[in-house]
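Hi everyone, thanks for coming. Today I'd like to walk you through a structure that may be new to you, so let's put it on the screen.

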Amino acid sequence: MTVNGPRPRHVIIDPFQESAYANAGWDVLRSAGLDPVATLMSVPSSIALPRLLSEGFVADAAFVDGSHRFHEVFVDLYFLRKIVRPGGLIAVDDVWWPSVHTAVRYFERHLGWTAISDAFRGAPIGSGPHGQGEQEVRCKAYRLPEMSFEPPFQDFRGF
Ligand SMILES: C[S@@+](CC[C@H](N)C(=O)[O-])C[C@H]1O[C@@H](n2cnc3c(N)ncnc32)[C@H](O)[C@@H]1O
């Protein structure tokens, strides 16, 4: 997540960066000279995101490519909606997986997230969220509504 302005900040969340990836991503970031503006949080996003929220952290944009389990993606999006400023961007990788796609769809259908068409160009990938042979793009970007709102629970529809 990068916060714009005079003091840009990039927060990376990855509990397995050292144990599973030997810090490869963090080392690339350091070799690019970006570590002064970057923070690595080595805990699951379900722990890191509420922590950032309670610290008052506000982001312009977020990129989600962590756990691909439905409940963990849903929790990521739940907290990112409160951390990314109104009108900000949330990009999600691997939306062609049903677990990821279904989580994102709730936010599109109920909370006013708008997919930005052609945000990511490239060849379609995968077999679509319902496994019916349709081709899906790999990454999608969503713009949050300019005004945050909470829908009445009575308006809930299956997603
Ligand atoms: C598919 S990799 C993508 C990494 C990176 N975005 C890239 O494209 O190279 C998924 C990453 O999510 C991390 N991850 C897995 N579970 C996570 C969780 N609960 N919270 C945060 N990150 C998680 C993994 O350690 C891994 O680094």
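The shell around the ligand is made up of 5 nonpolar, 3 polar and 2 charged residues. Before I name them, please keep in mind that this is a predicted model. Going along the chain, the residues around the ligand are I13, D14, P15 and F16, then Y21, then P44 and S45, and finally D65, G66 and S67.

Now, which atoms of D14, for instance, come up against the ligand? A polar side-chain atom of D14 lies 2.6 Å from a ligand oxygen. D65 also uses its side chain: one of its polar atoms there is 2.8 Å from a nitrogen atom of the ligand. With S45 we look at the backbone instead, where a polar atom is 3.0 Å from a nitrogen atom of the ligand. As for cover, the ligand on its own has 590 Å² of accessible area, and the protein covers 62% of that.

Let's step back to the space itself. The ligand takes up the largest pocket. How much space lies in that pocket? The answer is about 910 Å³. There are 31 residues lining it, and those closest to its centre are I12, I13, D14, D65 and G66. You may recognise some names here: I13, D14, D65 and G66 also belong to the residues around the ligand.

Which helices and strands help to build the lining? At least two residues each come from the strands β2 (9-13) and β4 (59-64), and from the helices α1 (24-31), α2 (45-54) and α3 (70-83). Sorted by class, the pocket lining has 17 nonpolar, 9 polar and 5 charged residues.

One last stop: the enclosed space. The count is 1 cavity of 30 Å³ or more, and the largest cavity has a volume of about 40 Å³. Its lining consists of V64, D65, G66, S67, H68, V73, V92, D93 and V100. By class, that makes 4 nonpolar, 3 polar and 2 charged residues. Notice D65, G66 and S67 in this lining; we met these three around the ligand as well.

Thanks for listening!

Terms used
Residues numbered from 1 in each chain as written. Predicted model: local features only at pLDDT ≥ 70, side-chain atom pairs only at ≥ 80, totals over all residues. Heavy atoms only, no water. Near = heavy atom within 4 Å. Polar contact = N/O pair within 3.5 Å; in protein donor to acceptor, adjacent residues only side chain to side chain. Areas by Shrake-Rupley, 256 points an atom, 1.4 Å probe, with all protein chains shown as cover. 1 Å grid on protein atoms, 1.4 Å probe; cavity = no way out; pocket = protein on both sides within 12 Å on 5 of 7 lines; lining within 4 Å. Sits in = over half its atoms within 2 Å of the grid points. Nonpolar A, V, L, I, M, F, W, Y, C, P; charged D, E, K, R; others polar. Points joined across faces, edges and corners; volume = space filled by probe spheres on them. Helix = DSSP H or I, 4+ residues; strand = E, 2+ residues; numbered from the N terminus.
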